[in-house]
Every structure is written in C-alpha cells, then in structure tokens.
Amino acid sequence: MKNIVNKIEALKEEVKIIETKKNHKFFLSEMKRIGIERLPYSYTSLKRFIDPETMDVHYNKHYKGYVEKLNLALDKKKFGDLDLEQVVKTISRFNQEVRNNAGGAYNHALFWKMLSPNPQKPKGLILKKIETQFGTIGGFKKKFDEVAKERFGSGWVWLVVTKNNSLKIMSTPNQDNPLMNDIKDGGYPILGLDLWEHAYYLKYRNKRDEYIKNFWDAVNWDFVEKLYKMKIGTRIDEEVVMSQLMNSSNAEILTEEETKSQSCSTTEEQMFKTLLFPPTDLLEKSDQYGKFKKEYIMGWMDVLQKAYPENWKNKDSLFKGHEAGLYSKENVRSLLMNLTSSYTAFCIIHKDVNEYLKKNNQNVITYGDNPNTNLLELRKFFSILHGLRSNIFKRGEQSNTLRQIGGVLKKTDCLGKRNEEATMKIINQNYGEGACKIVSGGGYTKDMLSGIDATITMDGQEHTSQIKPFKNIFEKDGYFVVQGSSSTQSYNKVSLLIFVNVKSKQVRIYKTPKIRIQQGSYYIPKENMVSTIFAKGELDLIDCNKYLSENIIWE
Ligand code: MN
C-alpha cells in the first residue's frame, strides 16, 4: 500500500516538472515563434481604400499563408526561434523560400498597421521632416506615386529612414523589404504600399493608379510617425549606450538621487543573493534551487542578444577563451554581460519591472521559498522584460535603469579587479615576482560557472585558483569559517580558493576539497589551510568609488 502511495507521489512530482517545462516553453519561446499579427480593424472599415472581400482574402489567405510557410521553412532547416525582423535583416543566409515568405510575412504585418480606418493627416516630427526633404506633403505624395508606378510587376513602394537618418522613397520587387541586408541602399521602412495584384485587383481591376491615389485616404500617420521617432531615437541612443557600456573607463557618475532610487534594501539584496547563489544546504535539499541561476543567465543572454543583435557574437566567431556575448568592434566584451552575476543589478531591474506591472494593474513578481514557483516567476519576469526591452536597452537617454545598471556593473567590475590586483601584489611580494598571474581581464571572460581567476606557482607547481574578498575569518569545530564573501560561484574546478581583505592587506590561501557553504559562510576544513600572508608596504590600488557613491551595500 505504502508503495503505491509513494508511486503516486512520484508521478505527481513528475507531472509538476512537465508542467513547469511546458510553461517554460510558453514563456520563453512564444515570442520567438513567428506569429500572426492581428488585423487592427474590421474588413469593412477601410472601404474608402479597399473592399471587404479583398481585405478578407488578403489577410486570411495571402498573409497567413506567408507566415505558415515561413514557420515550416524555418522549422525544416532547424533555424527555429528567430525574430522575424532578424530573419529579414540577415536574409542573405537563407534560401529563396525563406526569403519570399519572411518578406511576405514582414511586409504585410507592417502594412496592416500602416493603414487606418480614420482619415489622418501627417503631423509632428514626420511632417516636418517630409517638408524639409520634399518641400510639401503634395510634393512627397507625387514622388511616392511616381516610384510606385515605375514598379513593373509585383512589389512594394516604401518610405524608408536611411543610415544617416534621412527619408527616401524606394521600391522593392516581389516580397523584398528595404531592411534585407542584400538590398542596395535600403533602410528602415516606415510606410509601405502593397503593389501586388492580389492587393487591389477585385476592386480596381487594372486601374492601379487609382488604388495608389486612394491609399492616401487610409494612411495611419500616427504609426508612421511612431516608427520614424523610434528609428531616429534608437539610432542615436544605441551608439551612446554601446559606447558607454563597452568602455569601462568612461565612468558614469550617478547623482545622489539616482543612487538612492536604485539601492535595494538589505532584505531585498539578501533574497536576491540567495536566489542567485543558493547556499549548499539548499542545493542539497533540491536541485531545483540550482536551476534558477542557470535560467537567469540564459534569460539574460536571450534578452541582450535581441536588444543588441549587431553587437552579439557567438563563441565560434571569437578567439578561444571568449564566451558568446556583446562585443565592441574591437572584440571588447561588454560589461553588460556581467548582469548575469550581479545581484544588485538583478534587484534594480526587478524594481523596474514591478513598477511597470503595478502601473498596469498586474501582479508584481515575487519570490518565496518554493523553488518551482520561483522559476515560474522568473519566466514571467523575462517575458515582461522582452516586451520592455526596447525601452530599457535602446533608449539610453530615457532609460535610467540602464544608466544605473551600467554604474553598478562598472563598480563591481572595478572592485573585482582591485581584489585581484591586491591578491597578486601580496602573493608576489611573498612568493616572488610572477608567482601569481591573473587569468581574467583584458577582454577575456571569467567563465561564470567554473571560472579561474589566477594561476599560482608555489614550490615549482602551478595551481588554479579563484579569488574572493572576505570580511572575517574565525575557527570553529575544526573549520575555518569565512564570512562576508559574496558571489559564491562553483569553485570545484580550481585547486585553490584564495580570500583577500584589502583593508587589512591580507591574503588567505586554502585547498578546495570538502568546503561547504552554509548561511552565506564558507566552512573550510582546517587541514585545507595553505598560508596566511600580508602585504609588505603600500599596495597602491585603483579607487572604485568614483563609479558610485558609497551608500550602496557592497562586499
Ligand atoms: Mn499582399
């Protein structure tokens, strides 16, 4: 009997895991699959421009057909999981079948939104820009009509924003789009008109000119202006943000107010720390606790890759030892990648996302004691972040969040380097010049899960090591108890664990076997002790406080 009860319990557990996995798929991949854009109005509402029958067939048969065939073609080739815009932007690596259907899906998705049931007039920034470049709206329409009429056979006519932020009218054949990377002198489309016969033939027959003329009664100028603003805004900010984040010497100094708004309470920090760096006792209880950090890292990679596709590099396109991530042209890895291991950044971004949820009367993200629920909350967090990513990551000037995170990451990075530098100097003073070599730095990445910080040569033997700061060390029941050491990464793959305290200019070296972490402290068997050494004289270290004011809790 007991056996059966146990079995049922085990099965229930299995079902729970499957449910969790299902949810995962839903949250993380739903946005990646290429979906159908909803038609923002009824088939009858554009009558001035196009008849309901054409709208119905155009939307349900032609457009949906492109999306379906595209998903099939991507799936067949195992491309999977891509943004439609990314496919279009990198179209040269796909075959003709993907090209036609991705273009068809993307062009139409845009086109539906570019039309409005209510007559609109251009205004604001876009009107100004059109008048500057084309003289008058009439002059612009005339030019647009001309280019449209010149298109022989099937295709599209577009108004695009070019690389140097000017407007241009152009036309593309078939289902090509000006964003496609092999289109000469393309651009970012902000207005487009379908010139295929299927778009107008039922109503206009061979009178394509009349169809083009009536188009102007149905243009959604609000949307056009939004696209225009987004594009010129994004382009400026992308450059600002990337240069800020790529170059850590370009320190961002935050005002006191900004520092206050970003700081998390000690309780919040403690909770995030436990989630990201679960102590050994929790990990032994259930391996679910360990999944959180891995999923957090993967989630960020996904968001960053989408936010800055042009700066993303895969492992195989980089030198050995580099990890996939955001890189500058000079192959300098962005500090943004350290987001994945900073619990303060974790705290800041959660505050932001929750503020957004509150504003929209939705449940905020909360974490508790149940690792399964925590994982579900984390997935919700990323699904929201995907939606907000263009606000947070593309508009540097408006995104306080990104500035704050940038400051935090720069200071973390600086403190890490300072600890390593101090350790190296103290070891070299005691064991001889060259005894300690720092492995990380110089664009090389610390592998987050099994990182080596330095190699130490002692008695002719080379050891690998991880370096961590500490606050206090005391002896208890045959163990050294190390307190106040943050970021408890896995240290199983190195032979030495080194603790440094910059204030007391002290370094403690231990072997790694049988070390335990409990309640945030390391428990190191006494026999693991290798040495305790002190600096001989001044260390002359970098000052990291220029990055942030001091009232932020750092370890
Ligand atoms: Mn069409």
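**A manganese site and helix packing in a predicted model**

Along the sequence, the residues that donate to the manganese ion follow the spacing H-x49-H-x85-D-x3-H. Two of these donors bring together distant parts of the chain, since H58 belongs to helix α2 (residues 52-76) and H108 to helix α4 (residues 96-113), 50 residues apart. In this model, which is predicted, the protein donors are the NE2 atoms of H58, H108 and H198 together with OD of D194, and they lie 1.9 to 2.2 Å from the manganese ion. Both H58 and H108 are buried.

The protein as a whole contains 16 helices and 15 strands, and of its 555 residues 50% count as buried. Among the contacts with a separation of 6 or more, 66% are accounted for by residues that stand 24 or more positions apart in the chain. The accessible surface comes to about 28,000 Å², and carbon and sulfur atoms contribute 51% of that surface.

Helix α11 (residues 266-276) shows how burial can be distributed around a helix, its buried residues being E269, F272, K273, L275 and L276. When α11 is viewed down its axis, these buried residues fall within an arc of 160 degrees, and they therefore line one face of the helix. On the other side of α11, by contrast, T266 and T267 are exposed. The cover over the buried residues of α11 includes three further helices, namely α13 (288-307), α14 (343-359) and α15 (371-393).

Two of the helices that cover α11, α14 and α15, also pack against each other. A packed pair of helices is described by the angle between the axes and by the distance between them. For α14 and α15 the angle is about 90 degrees and the axes are 10 Å apart, so α14 is roughly perpendicular to α15, an angle of 65 to 115 degrees being counted in this way. On the side of α14 the contact is made by I349, H350, V353, Y356 and L357, while α15 contributes K380, F381, I384, L385, L388 and I392.

A further example of a buried position is T423, which is placed in helix α16 (residues 400-431). Because a residue is termed buried when its relative accessible area is under 20%, T423, with a relative accessibility of 0%, counts as buried. When neighbours within four places in sequence are left aside, the residues in contact with T423 are I467, I498, V500 and V507.

Methods:
Residues numbered from 1 in each chain as written. Predicted model: local features only at pLDDT ≥ 70, side-chain atom pairs only at ≥ 80, totals over all residues. Heavy atoms only, no water. Helix = DSSP H or I, 4+ residues; strand = E, 2+ residues; numbered from the N terminus. Buried < 20%, exposed > 50% of the residue type's maximum accessible area, 1.4 Å probe, protein only. Contact = heavy atoms within 4.5 Å. Areas by Shrake-Rupley, 256 points an atom, 1.4 Å probe, with all protein chains shown as cover. Arc of directions from axis to C-beta. Donors = N, O, S within 2.8 Å, 3.2 Å for Na, K, Ca; no water. Axes fitted to C-alpha atoms, helices over the stretch in contact; angles between N-to-C directions. Parallel < 35°, antiparallel > 145°, perpendicular 65-115°, else oblique.
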